[in-house]
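Please look through the sequence and the model below before reading on. The paragraphs that follow take the charged pairs, then the helices, and then the loops and the surface.

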Amino acid sequence: MDKLYEQTMLFDFYGELLTEHQRRVYEDAVYNDLSLSEIAEEQGISRQGVHDLIKRCDRILQEYESKLHLVERFAKAKETVKEIQSLAGGEVSLKAADEEVRQVTEQKNQDQKRMQQPGEQSEESRLQRIAVLSGELLKEL
């Protein structure tokens, strides 16, 4: 992960666990892209103090992630959604994918005795995979 993206994600998930002062300084550095001097002047502390505080916040946020793994789980869920979308042939909502799986399941139950064509077999496999991935994603959430 690129450092700025990682800092942003960690702050999004765990920023509320920082003190108000830490949040203000870290947000100015990461989101507002202010220099150490600008933050120091605004907060009434030294540049070194700002630098140390940012490093401390980085460490604190990393420690939260190492214990809770929320960013990791979010990234995994995001990849699962991408895989579901690719299997479904484009962008779809989970609700739409769930409805499609339900309809296919009903159709399968009605047509159990009918012999399937090879194309239908691959379609069924694709939809079963979507159902499995959707179930895994919902368990994660």
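A salt bridge is taken here as a side-chain nitrogen of Lys or Arg within 4 Å of a carboxyl oxygen of Asp or Glu. This is a predicted model, in which local features need pLDDT of at least 70 and side-chain atom pairs count only at pLDDT 80 or more, while totals for chains, interfaces and linings use all residues. Residues are numbered from 1 along each chain as its sequence is written, and side-chain values use heavy atoms, with hydrogens and water left out.

The overall plan can be stated briefly. The protein has seven helices and zero strands, where helices (H or I, at least four residues) and strands (E, at least two) are DSSP runs, numbered from the N terminus. Read from the N terminus on, the elements therefore run α-α-α-α-α-α-α. Of the 141 residues in the protein, 28% are buried; a residue is called buried under 20% relative accessible area, exposed over 50%, and partly exposed in between (1.4 Å probe, protein chains only). The accessible areas themselves come from the Shrake-Rupley method with a 1.4 Å probe, and for residues only the protein chains shown count as cover.

With the salt-bridge rule in hand, the count comes to five salt bridges. Two of them belong to Glu20, whose side chain meets that of Arg23 at 2.6 Å, N to O, and that of Arg24 at 3.9 Å, N to O. Glu20 and Arg24 both lie in helix H2, four residues apart, which is about one turn of the helix. Salt bridges that share partners join Glu20, Arg23 and Arg24 into one network. Because Glu20 and Arg23 are three residues apart in helix H2 (residues 20–30), about one helical turn separates them as well. The members of this network are covered to various extents: Glu20 is partly exposed, with a relative accessible area of 44%, Arg24 is partly exposed at 37%, and Arg23 is buried at 16%.

Another salt bridge is formed by the side chains of Asp58 and Lys3, at 3.8 Å, N to O. Asp58 lies in helix H4 (residues 47–68) and Lys3 in helix H1 (residues 3–14), so this pair ties together parts that are 55 residues apart in sequence. Asp58 is buried, with a relative accessible area of 13%.

Helix H1 also holds Phe11 and Tyr14, two residues that can be followed to other parts of the chain. Phe11 is buried, with a relative accessible area of 9%, and its C-alpha atom is separated by 7.0 Å from that of Leu61, although their positions lie 50 residues apart along the chain. Tyr14 counts as buried at 1% relative accessibility, and Tyr14 and Val71, which are 57 residues apart in sequence, are 9.4 Å apart in space, C-alpha to C-alpha.

Val71 leads on to helix H5, where Val71, Ala77, Thr80, Ile84 and Gln85 are buried. Helix H5 (residues 70–87) has 18 residues and reaches 26 Å from its first C-alpha to its last, close to the 26 Å expected at 1.5 Å a residue; the expected span is 1.5 Å times one less than the number of residues in the helix. H5 is followed by Gly89, whose phi is positive, near 85°.

The loops call for a look at backbone angles. Most residues other than glycine have a negative phi. His69, in the loop between H4 and H5, has a positive phi near 55° and counts as partly exposed at 32% relative accessibility. Asp33, in the loop between H2 and H3, likewise has a positive phi near 55°, and at 65% relative accessibility Asp33 counts as exposed.

Asp33 also takes part in a feature of the surface, since a negative patch is formed by Asp33, Glu38, Glu41 and Glu42. Patches are made of residues with over 30% relative accessible area and no salt bridge, with like charges joined within 9 Å and nonpolar side chains (Val, Leu, Ile, Met, Phe, Trp, Tyr) within 5 Å. Lys and Arg count as positive and Asp and Glu as negative, while His and the chain ends are not counted, and the place of a charge is taken as NZ of Lys, CZ of Arg, CG of Asp or CD of Glu. Within this patch, Glu42 is found in helix H3 (residues 36–43) and is exposed, with a relative accessible area of 51%.
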